[in-house]
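Student: I would like a close look at a single part of this structure. Could you take one sheet and go through what it is built from and what surrounds it?

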Amino acid sequence: MIITLTLNASVDKAYHISGNVVPGTVMRVQSCQNTAGGKGLNVARVIKLCGEEVMPSGLAGGNTGALLEQLAYRDGLTGRFVHVNAETRCCINILDEKHQSTEFLEPGEEVSDQEIKRFKAEFEKICVDAHVVTMSGSVPKGVKKTIYKELVKEAKRWGKKVILDTSGELLKEGILASPDMIKPNQEELGMLLGREVTTLKEVKAAALELHKTGIRYVVVSLGKDGALLVCGDGIFHGIPPKITAVNTVGCGDSMVAAFAVAMQREYSTEDSLRYAVAVSAANALSDKTGYFEKEELEKIFPCVRIQRLSISE
């Protein structure tokens with residue numbers, strides 16, 4: 001069982017338009033897709049597509065929260081959400097005919113300390129049967145920046161493997177609890193260490209520095225160039241084949257999902273990276289968020305190249 005945690009869940013609306021976004025005008029939407037969203041819900045959908053048992057969890061409130069749970073159930077996801085008074089947010093992704101994405105992300109209404117305490121009490125019960133727990137994304141207003149650090153510590157105390165995928169102060173605090181894996185991009189990596197990280201050599205050095213603090217797997221997503229993985233087995237670069245991306249939203253979440261599946265199945269380091277890069281690339285070929293066609297994954301997987309790198313390269 002894999003648990004995916006989304007404290008700042010949302011109903012994601014994908015607007016498909018003809019032409020480009022033109023500020024100051026009325027834009028007609030050709031079609032709209034509503035999805036149970038927030039990074040952890042994207043992760044959950046991909047885990048289910050990969051064939052593993054998964055249960056999403058997090059906070060849900062109001063009419064939008066009820067819709068969120070209905071949409072999750074429609075996708076075959078039976079979640080255990082803690083209900084709060086704050087209305088669950090909506091996020092909008094506008095996709096034009098050139099497959100360019102413009103996102104509008106609501107912040108999430110304020111959640112009380114008492115509601116967070118209630119969630120923490122439920123979280124232990126939710127995690128009982130889990131082998132792997134993923135924690136993804138932002139948090140609503142009113143939630144302390146130490147929340148992931150606290151939750152990672154608890155989950156590890158219960159013997160769970162934890163993947164943390166967040167940013168900013170939440171990530172800075174969260175890594176102090178030594179999650180089993182983090183997945184920053186280059187910008188987030190630079191923010192963590194307070195320096196610019198642009199070249200592959202700088203990425204390797206930064207990821208290695210974080211690994212030495214006690215994080216077992218440091219995965220740096222590199223967009224079309226795949227991902228870099230630093231762990232006790234060495235430094236590995238997973239490179240996908242060239243593809244024509246349709247929608248890159250959710251590729252990072254798909255990568256987290258694939259690594260969670262790999263942990264559940266106890267894949268080797270190289271097989272884990274190959275699988276994660278392939279799933280992420282397959283997601284980019286779909287106009288849906290947190291989704292891939294199995295046929296595309298089967299085509300891409302054998303074409304992913306894994307390079308073992310030296311520290312000095």
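Tutor: What follows starts with one sheet, moves to a residue inside it, and then turns to some other parts for context. Keep in mind that this is a predicted model.

The sheet is open and has four strands, in the order β3-β2-β6-β7, with mixed pairing. The edges are taken by β3 (31-37) and β7 (101-105); each has a single partner strand, so one side of each is left without a neighbour in the sheet. On average, neighbouring strands of this sheet are turned by 20 degrees against each other, direction ignored.

Now take one pair of strands. Strand β2, residues 10-16, pairs with β3 in the antiparallel sense, over seven bridges. Ala14, for instance, has Gln33 in β3 as its bridge partner.

Two helices belong in this picture. Helix α1 (residues 39-49) packs on the sheet and touches β2 and β3, and its direction makes about 90 degrees with that of β3. Helix α2 (residues 62-74) lies across β2, β3 and β6 (89-95), and this helix runs at about 90 degrees to β3.

For a single residue in the sheet, look at Asn93, which has its place in strand β6. Is Asn93 buried or exposed? Residues under 20% relative accessible area count as buried. Asn93 has a relative accessible area of 7%, so Asn93 is buried. The side chain of Asn93 is joined to that of Ser101 by a polar contact of 2.5 Å. Leaving aside residues up to four places away in sequence, Asn93 touches several others, including Lys13, Ala14 and Tyr15 as well as Ser101, Thr102 and Glu103. Asn247 and Val249 are also among the residues that Asn93 touches. Ala14, the bridge partner of Gln33, is therefore also a contact of the buried Asn93.

The next topic is enclosed space. The count comes to one cavity of 30 Å³ or more. The largest cavity has a volume of about 90 Å³. Its lining has 15 residues, and those nearest its centre are Leu7, Asn8, Glu87, Thr88 and Pro140. Strand β4 (residues 54-61) provides the largest share of this lining, three residues.

Further along the chain is helix α6 (residues 186-193), in which Glu188, Leu189, Gly190 and Leu192 are buried. These buried residues pack against α5 (168-174), α7 (200-211) and β11 (217-221). Asn185 caps the N-terminal end of α6, with a side-chain oxygen 3.2 Å from the backbone nitrogen of Glu187. Just after α6 comes Gly194, with a positive phi of about 70 degrees.

Backbone angles give one more point to look at. Most residues other than glycine have a negative phi. Ser178 has a positive phi, near 55 degrees, and is placed in the loop between α5 and β10 (181-182). Glu266 also has a positive phi, near 60 degrees, and sits in the loop between α8 and α9. Ser178 is buried, at 18% relative accessible area, whereas Glu266 counts as exposed, at 63%.

The helices α8 (251-265) and α9 (269-284) each supply at least two residues to the lining of the second largest pocket. Of the two, α8 gives the most to this lining, with three residues.

How values were computed: Residues are numbered from 1 along each chain as its sequence is written. This is a predicted model: local features need pLDDT of at least 70, side-chain atom pairs count only at pLDDT 80 or more; totals for chains, interfaces and linings use all residues. Side-chain values use heavy atoms; hydrogens and water are left out. Two strands pair if DSSP finds at least two bridges between them. Axes are lines fitted to C-alpha atoms, for helices over the stretch in contact, and angles run from 0 to 180 degrees between N-to-C directions. Contact means heavy atoms within 4.5 Å. Buried means under 20% relative accessible area, exposed over 50%, partly exposed in between (1.4 Å probe, protein chains only). A polar contact is a pair of N or O atoms within 3.5 Å; within protein, one must be able to donate a hydrogen and the other to accept it, and residues adjacent in sequence count only if both atoms are side-chain atoms. On a 1 Å grid over the protein atoms alone, a cavity is a set of points where a 1.4 Å probe fits but cannot get out, and a pocket is an open set with protein on both sides within 12 Å along at least five of seven lines; lining residues have an atom within 4 Å of a point. Grid points are joined across faces, edges and corners, and a volume is the space filled by probe spheres set on the points.
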